[in-house]
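Here is a friendly walk through one protein model, meant for someone meeting it now. Keep the structure open beside the text and look up each residue as it comes along.

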Amino acid sequence: MCGIVGYLGNKNAVPVIVNGLRRLEYRGYDSAGIAVLNGKLSLVKCKGKVSDLEAKMNNSIEEASIGIGHTRWATHGEPNDTNAHPHTSNSGDLVLIHNGIIENYSSIKKALTQRGYVFHSDTDTEVLVNLIEDVMKSEGVHLAKAVRIALNQVIGAYAIAVIDQNNSDQIVVAKKGSPLVVGVGEGEYFIASDATPFLEFTKKAIYLEDDEMAIINRGQEIEVLSIPDNRTIDPYVHQLEMDLASIEKGGYDHFMLKEIYEQPKSIGDTLRGRLLPEQGLIQMDGVYQFQEKLVNAQRIIIIGCGTSWHAGLVAEYIFEELARIPVEVEYASEFRYRNPVITERDVVIAISQSGETADTLAAIKLAKERGATIFGICNVVGSSIARETHAGAYTHAGPEIGVASTKAFTAQVAVLNLIAIKLAHKKGLLKESYYHRLLNELNEIPRKIEDMLKSDAQSRYIAELYKDAPNFLYLGRGYNFPVALEGALKLKEISYIHAEGYPAAEMKHGPIALIDENMPVVVIAPKSGQYDKIVSNIQEVKAREGKVIAIVNDGDSEIAKMADHVIEVKDTMEVFSPLLTTIPLQLLSYHIAVMRGCNVDQPRNLAKSVTVE
């Protein structure tokens with residue numbers, strides 16, 4: 001949830017760290033801090049965003065060639081100046097930043113208090129830095145060894161970076177359950193939660209695995225060790241393919257708007273090289289490797305959180321209709337706690353944009369222990385889920401900086417469509433003519449979205465009318481019920497308007513009591529699917545004087561006569577309709593949030609990558 005940055009080299013560390021923190025603010029923005037060493041320790045931290053940190057620094061930190069920085073999403077302790085990172089040890093020598101949760105911090109804190117340590121914050125991080133200092137003093141060891149000994153005593157998740165003001169040539173880092181990557185430059189090293197802070201400096205990166213630590217010394221090769229047994233590890237250096245332009249706004253007012261408009265490209269990139277309609281092929285190495293397992297699966301269990309869970313719900317319809325494999329969709333956050341029945345014939349598909357979602361990782365580990373085959377779908381190369389699963393597929397959506405997911409969702413749905421169609425064809429369940437029609441139509445989706453995005457004037461107009469509504473209701477049937485859930489989630493996340501998504505048929509079983517002349521009801525009503533039924537649902541809303549905003553296909557005149565407003569989308573096969581119907585819902589949420597003066601890219605209380613439970 002938090003973002004960590006570090007630098008050791010020949011540059012001025014201050015701008016490198018501050019710019020890196022800006023790029024990691026999507027991971028948390030409750031508070032921020034920076035510490036550098038230049039003969040002495042200089043540390044500034046405060047509640048608020050990185051811009052608040054810069055204002056407080058006000059050029060007060062001198063140039064230094066080593067430093068660490070942090071942007072926080074609060075877990076232990078409210079967001080304030082005291083609880084902000086970095087945290088120092090009692091002596092003031094050690095300085096530490098931390099992403100994750102130390103679950104046994106309370107018992108460690110009690111023991112350290114009895115030994116005379118004093119704590120000033122409510123954080124588990126301050127406990128950890130003092131534990132490291134206590135090990136250094138009591139056992140007479142250097143920093144790196146003290147870090148390893150201390151981490152063998154803690155329970156929980158962490159990505160940490162530690163510096164000692166008595167040694168301005170070393171940073172020690174470690175990882176378990178939270179992401180950490182080391183950028184390798186010419187005579188310099190960069191440390192971050194992901195690669196975005198150092199893209200302009202180097203494309204070489206080392207992704208630490210769980211239970212690994214690295215000792216980074218000025219002018220020396222990085223040394224990677226196993227935390228449990230002190231074994232030396234030969235690190236693999238990745239060559240990053242990401243470019244700097246992909247993490248900049250590119251002239252858009254917000255990252256979210258940019259990412260909405262990138263969807264023709266992100267879906268196209270996800271399909272490229274995999275979908276070959278002219279040859280009648282879908283090529284996916286991860287699927288091919290475990291094809292028999294997938295084809296003969298007793299059932300597929302899809303796990304995810306938030307938007308990824310909604311993508312899984314769409315996939316439930318796709319897999320069961322096309323491939324005729326039973327599917328269960330589970331919240332990853334609940335899956336591990338309910339003692340699920342899992343067998344070796346089950347396939348678990350884990351979906352995560354970041355590939356670091358703590359709840360999803362925990363669910364994966366449980367399913368693996370019980371013999372299931374795990375297939376991962378994520379957007380970040382080298383992420384924990386990519387490494388933890390047996391096989392998988394990257395979405396190739398590119399970096400998604402806006403906290404509210406847009407292009408990652410449609411890329412996930414595109415990948416899930418590819419897998420389901422491939423399995424259905426392998427099982428002989430599709431007529432050749434229908435199979436080729438599926439391939440050709442899926443290939444047309446990026447172009448259709450591009451046409452739809454040429455004008456969003458209607459979404460903007462509707463947003464102006466309903467931006468002050470206290471509640472919204474979203475209704476959909478079949479494939480578009482999950483889209484209703486996703487549309488409601490987007491509005492909640494970024495505009496703070498209460499919204500609920502329901503299967504349209506369920507409206508009369510309770511939610512209809514909420515409908516009056518003040519209730520905007522968004523109805524997703526493409527021609528494909530249960531069109532006549534959704535028309536009846538709209539009539540039920542209008543009979544209660546509800547305001548209907550209908551998502552319809554181009555040229556639909558029947559619903560246009562009943563609805564207060566319509567937004568048109570291109571026609572497609574029902575199985576692909578969520579890829580199109582979700583676009584106007586994203587734009588509607590975006591425009592409403594902007595008009596309400598909300599911080600669209602950094603909504604309150606949220607973070608992009610949820611790496612804690």
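Right after helix H10 comes Arg324, with a positive phi near 55°. This is a predicted model, so every value here is computed from predicted atoms. The helix before that residue, H10, covers residues 307-323. With 17 residues at 1.5 Å a residue, H10 should span 24 Å, and its end C-alpha atoms are 23 Å apart, which agrees. How much of H10 is buried? The count is 13 of its 17 residues, so H10 is largely enclosed by the rest of the structure.

Helix H17, residues 481-495, can be read in a similar way. Its 15 residues reach 21 Å from the first C-alpha to the last, close to the expected 21 Å. In H17, 14 of the 15 residues are buried, so this helix too is largely enclosed by the rest of the structure. Just after H17 sits Tyr496, which takes a positive phi of about 70°.

**Inside the protein**

Now for the nonpolar interior. The largest nonpolar core holds 91 residues, and Phe319, Ile349, Ile421, Phe472 and Tyr474 have the most contacts inside it. Helix H14 gives the largest share of this core, eleven residues. Another core lies apart from it, with 34 residues that include Leu21, Leu24, Val44 and Val181.

Tyr474 is a good residue to zoom in on. Setting aside residues up to four places away in sequence, Tyr474 touches Ala484, Gly487, Ala488 and Leu491, among others. Its contacts also include Tyr502, Val522, Leu585 and Leu588.

Another residue to look up is Thr270, in helix H7, which runs over residues 263-271. Is Thr270 buried or exposed? Its relative accessibility is 0%, so Thr270 counts as buried. Beyond residues up to four places away in sequence, Thr270 touches Thr395, His396, Ala397, Ala411, Ala414, Val415 and Leu418.

**Charged pairs**

Side chains of opposite charge can pair when their charged atoms come close. In this model the count comes to 32 salt bridges. Three of them are set out here.

| Salt bridge | N to O distance |
|---|---|
| Asp210 and Lys175 | 2.4 Å |
| Glu292 and Lys426 | 4.0 Å |
| Glu388 and Lys368 | 3.4 Å |

Asp210 and Lys175 form a salt bridge at 2.4 Å. Asp210 lies in the loop between strands S11 (204-207) and S12 (212-217), while Lys175 is in strand S8 (residues 167-176), so the pair ties together parts that are 35 residues apart in sequence. Asp210 is partly exposed, with a relative accessible area of 28%. Lys175, at 1% relative accessibility, counts as buried.

The side chains of Glu292 and Lys426 also meet in a salt bridge, at 4.0 Å. This pair links distant parts of the chain, with Glu292 in helix H9 (residues 291-295) and Lys426 in helix H14 (residues 407-426), 134 residues apart. Glu292 counts as partly exposed at 46% relative accessibility, and Lys426 counts as partly exposed at 45%.

For Glu388 and Lys368, the closest N and O atoms are 3.4 Å apart. Glu388 belongs to helix H13 (residues 384-388) and Lys368 to helix H12 (residues 358-369), so their salt bridge ties together parts 20 residues apart in sequence. Glu388 is partly exposed, with a relative accessible area of 22%, and Lys368 is partly exposed at 30%.

Salt bridges can also join up: Glu444, Arg447, Asp451 and Lys454 are linked in a network of them.

What about a charged residue without a salt bridge? Asp556, in the loop between strand S26 (547-553) and helix H19 (558-562), is buried yet has none. The nearest side chain of opposite charge is Lys527, 4.5 Å away; a salt bridge needs the atoms within 4 Å, so this pair does not count. Leaving aside neighbours within four places in sequence, Asp556 is in contact with Ala525, Lys527, Tyr531 and Glu568.

**A sheet of eight strands**

Last comes an open sheet, in which eight strands run in the order S3-S2-S4-S1-S10-S9-S11-S15 with antiparallel pairing. Which strands stand at the edges? They are S3 (41-47) and S15 (238-239), each with a single partner strand, so one side of each is left without a neighbour in the sheet. S3 pairs with S2 (residues 31-37) in the antiparallel sense over seven bridges. To see one of these bridges, find Ser31, whose bridge partner in S3 is Lys47.

Notes:
Residues are numbered from 1 along each chain as its sequence is written. This is a predicted model: local features need pLDDT of at least 70, side-chain atom pairs count only at pLDDT 80 or more; totals for chains, interfaces and linings use all residues. Side-chain values use heavy atoms; hydrogens and water are left out. Helices (H or I, at least four residues) and strands (E, at least two) are DSSP runs, numbered from the N terminus. The expected span of a helix is 1.5 Å times one less than its number of residues. Buried means under 20% relative accessible area, exposed over 50%, partly exposed in between (1.4 Å probe, protein chains only). Contact means heavy atoms within 4.5 Å. A nonpolar core is a set of buried Ala, Val, Leu, Ile, Met, Phe, Trp, Tyr and Cys residues joined through side-chain atoms within 4.5 Å. Lys and Arg count as positive and Asp and Glu as negative; His and the chain ends are not counted. Two strands pair if DSSP finds at least two bridges between them.
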